[in-house]
Structure formats: structure tokens, C-alpha cells
Amino acid sequence: EEIIELSRTFRDLGVDTIRLTGGEPLVRKNFGYLVEELAKLGVTLKITTNGIMLDKYLDLFQKIGLKKINLSLDTLDKAKSVFITKRDYFDRIWNNIL
């Protein structure tokens, strides 16, 4: 995986933090493998997500010691959220936050 090799190179050059972001990293087909491998590099790992799929990965995040999750939310109002995103994931996101 190119991301893992690039991350290893950056780590070797002194980078100590890697943030997975852009689009929605949790929908990547091999996300679990990717995040486990990145955690092995000994860097601070951070993730930016819209929160829809957090419940799927919470056990993995605990296992690898991930403590830095940035939630990117459009609004805290359910009706506005559905209007903006054209999808009704508000309750799922809210439950994942809690």
C-alpha cells in the first residue's frame, strides 16, 4: 500500500503525526488494515470523519489506541442536516458521538 510506504518514509524523515482525512476515510475498502498498519509506525494518528461509520470502527480505534478524532459536522440541527446532506444520517451520527 502506497500510503503506508509514504507514511513510513515521512516518519523516518521526522514526521510524528499522520491525519487521515479527505472525502470520508472510513468508507475506504481497506480502512481497517490501513489504520492498523499506520498505528504500527509509532506516530500520532488522527482521523477526520463525518461520523456516520464511527460505530463500525470504535473497537479497532480502542485496540490501536487512537485518541484523536475530528468530527466534521455541517450542523447540529437534524432538519438542516438532512437538507444539507440529502441523507438522513443525523441520528446515527449523534449516537456515534455519544
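## Working through a predicted model

Let's start with helix 3, residues 54-64, where the buried residues are Leu 54, Tyr 57, Leu 60 and Phe 61. Keep in mind that this is a predicted model.

**Exercise 1.** Work out why the buried residues of helix 3 lie on the same side of the helix.

*Solution.* Step one: list the buried residues of helix 3, which are Leu 54, Tyr 57, Leu 60 and Phe 61. Step two: look at how far they spread around the axis. They cover an arc of only 125°, so they end up on the same side of helix 3. Step three: turn to the face pointing away from that buried side, and you'll find the exposed residues Asp 59, Gln 62 and Lys 63. For this step, "exposed" means over 50% relative accessible area, while "buried" means under 20%.

**Exercise 2.** Place helix 3 in the whole protein: how many helices and strands are there, and in what order do the elements run?

*Solution.* Step one: count the elements, and you get 5 helices and 3 strands. Step two: read them from the N terminus on, which gives α-β-α-β-α-β-α-α. Step three: zoom out to the overall dimensions. Along the principal axes, the C-alpha atoms fill a box of roughly 45 × 25 × 20 Å. Of the protein's 98 residues, 33% count as buried.

**Exercise 3.** Describe the sheet: what is the strand order, and which strands stand at the edges?

*Solution.* Step one: the 3 strands form an open sheet in the order 1-2-3, and the pairing is parallel. Step two: find the edges. Strand 1 (17-20) and strand 3 (68-71) each have a single partner strand, so one side of each has no neighbour in the sheet. Step three: check the twist, which averages 20° from one strand to the next. Step four: look at one pairing up close. Strand 1 and strand 2 (residues 44-49) run parallel and are joined by 4 bridges. Leu 20 stands opposite Ile 47 in strand 2.

**Exercise 4.** Explore the largest pocket: what is its volume, and which helix gives the most to its lining?

*Solution.* Step one: the volume of the largest pocket is about 260 Å³. Step two: go to its centre. There are 14 lining residues, and the closest to the centre are Asn 50, Ser 72, Asp 74, Thr 85 and Ile 93. Step three: trace the lining back to helices. Helix 4 (78-85) and helix 5 (90-97) each supply at least two residues, and helix 5 gives the most, with 4 residues. Step four: sort the lining by class, which yields 7 nonpolar, 5 polar and 2 charged residues.

Terms used:
Residues are numbered from 1 along each chain as its sequence is written. This is a predicted model: local features need pLDDT of at least 70, side-chain atom pairs count only at pLDDT 80 or more; totals for chains, interfaces and linings use all residues. Side-chain values use heavy atoms; hydrogens and water are left out. Two strands pair if DSSP finds at least two bridges between them. Axes are lines fitted to C-alpha atoms, for helices over the stretch in contact, and angles run from 0 to 180 degrees between N-to-C directions. On a 1 Å grid over the protein atoms alone, a cavity is a set of points where a 1.4 Å probe fits but cannot get out, and a pocket is an open set with protein on both sides within 12 Å along at least five of seven lines; lining residues have an atom within 4 Å of a point. Grid points are joined across faces, edges and corners, and a volume is the space filled by probe spheres set on the points. Ala, Val, Leu, Ile, Met, Phe, Trp, Tyr, Cys and Pro count as nonpolar, Asp, Glu, Lys and Arg as charged, and the others, Gly among them, as polar. Buried means under 20% relative accessible area, exposed over 50%, partly exposed in between (1.4 Å probe, protein chains only). The arc is that of the directions from the helix axis to the C-beta atoms.
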